[in-house]
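Please look through the sequence and the model below before reading on. The paragraphs that follow take one part after another.

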Amino acid sequence: MKTKKAKPNVPAPRVALDVPGLVVTILVMIFAAALVWPQLGEPQDPNNQMMLANLNDRVALLESATNWVQRDEMCVPLSAYARELDQSLKPGARVFLTGMLGETNAPALGYYFFLRNYLFPRYVGISLDGKAVFTENSGFYGVPCDSPAVLKTNGFDLMIQYANNQMQLVPLTTNGLPTHQ
């Protein structure tokens, strides 16, 4: 006859509650919901193309663009301006951008960086001696120049005068004369 073995009296496993992990999970869920919720609701501004509800319209609009300049104009107008200038300048043109030196002009340096990027490999200068020094809190320092005659004698083909968030092109030689295509 078979004898039954007695089962040891083992208590049921206890579920350990990880309170810190639970708190962090709840906080992450609340933060994620706060970011996603406005995207799922009705857009407050129908012109805001970055709302999730408007992204399909934006895709169709960007697909309709027939060239890079037109597409840039729909996204970052400064990119479109710089790309168009790149297409209309001769490859060897040397460009000087005024109004970029000093602490008060530091907020405008985005124009310099955009133009330097889009006009590459052309030289884009902001200091007459070509040795602009960047300081983290004060922007660039160097030798300013807003004289077309001085820039021309220093080998520049185009002067871009920057003031009040506007750029004005001043061709100094035929190499700096934009040819619109």
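Which residue in β6 is the bridge partner of Ala163? The partner is Gln166, and this bridge is a good place to begin reading the model, which is a predicted one, so that local features are described where pLDDT is at least 70, side-chain atom pairs count only at pLDDT 80 or more, and totals for chains, interfaces and linings use all residues. Residues are numbered from 1 along each chain as its sequence is written, and side-chain values use heavy atoms, with hydrogens and water left out.

The value called pLDDT is the predictor's confidence in each residue, from 0 to 100. Its mean over the chain is 82, and 85% of the residues reach 70 or more. Confidence is highest in strand β1 (residues 95-97), with a mean of 93, and lowest in helix α2 (residues 55-63), with a mean of 76. Where pLDDT is low, the predicted coordinates should not be read in detail.

Helices (H or I, at least four residues) and strands (E, at least two) are DSSP runs, numbered from the N terminus. The chain contains six helices and six strands, and, followed from the N terminus, these elements come in the order α-α-α-α-β-α-β-β-β-α-β-β. Of the 181 residues in the chain, 27% are buried, where buried means under 20% relative accessible area, exposed means over 50%, and partly exposed lies in between (1.4 Å probe, protein chains only). A contact means heavy atoms within 4.5 Å, and among the contacts in the chain with a separation of 6 or more, 53% are made by residues 24 or more positions apart.

We can now return to the strands. Two strands are said to pair if DSSP finds at least two bridges between them, and four strands form an open sheet with mixed pairing in the order β2-β1-β5-β6. Because β2 and β6 stand at the edges and each has a single partner strand, one side of each is left without a neighbour in the sheet. Strands β1 and β5 run parallel and are joined by three bridges, and in β5 the bridge partner of Val95 is Leu158. Strand β5 (residues 158-163) and strand β6 (residues 166-171), by contrast, pair in the antiparallel sense over six bridges. Strands of a sheet pair through backbone hydrogen bonds, either parallel or antiparallel.

The hairpin of β5 and β6 has two residues between the strands, and the backbone there deserves a careful look. Asn164 lies in the loop between β5 and β6 and has a positive phi near 55°, while Asn165, also placed in the loop between β5 and β6, has a positive phi near 60°. Asn164 is exposed because its relative accessibility is 74%, and Asn165 is exposed because its relative accessible area is 54%. A further backbone feature is found in the loop between α5 and β2 (124-125), which is the place of Pro121, for the peptide bond from Phe120 to Pro121 is cis, with omega near 15°. Most residues other than glycine have a negative phi, and most peptide bonds are trans.

The next topic is the aromatic rings. Rings of Phe, Tyr and Trp (its six-membered ring) pair if their centres lie within 6.5 Å, and planes under 30 degrees apart count as stacked, over 60 as edge-to-face and the rest as tilted. In the whole structure, eight aromatic pairs are found. The rings of Tyr112 and Phe113 have centres 5.4 Å apart and planes at 50°, so this pair is tilted. Phe114 and Tyr118 make a stacked pair, with 6.2 Å from centre to centre and 15° between the planes. Because Phe114 and Tyr118 are four residues apart in helix α5 (residues 109-118), about one helical turn separates them. Tyr112 is buried at 8% relative accessibility, whereas Phe113, at 36%, is partly exposed, and Phe114 is partly exposed at 28%. Ring pairs also link Tyr112, Phe113, Phe134 and Phe140 into a cluster.

Finally, consider Ser138, which lies in the loop between β3 (133-135) and β4 (139-141). Ser138 is buried because its relative accessible area is 17%, and, leaving aside neighbours within four places in sequence, Ser138 is in contact with Gly102, Glu103 and Ala106.
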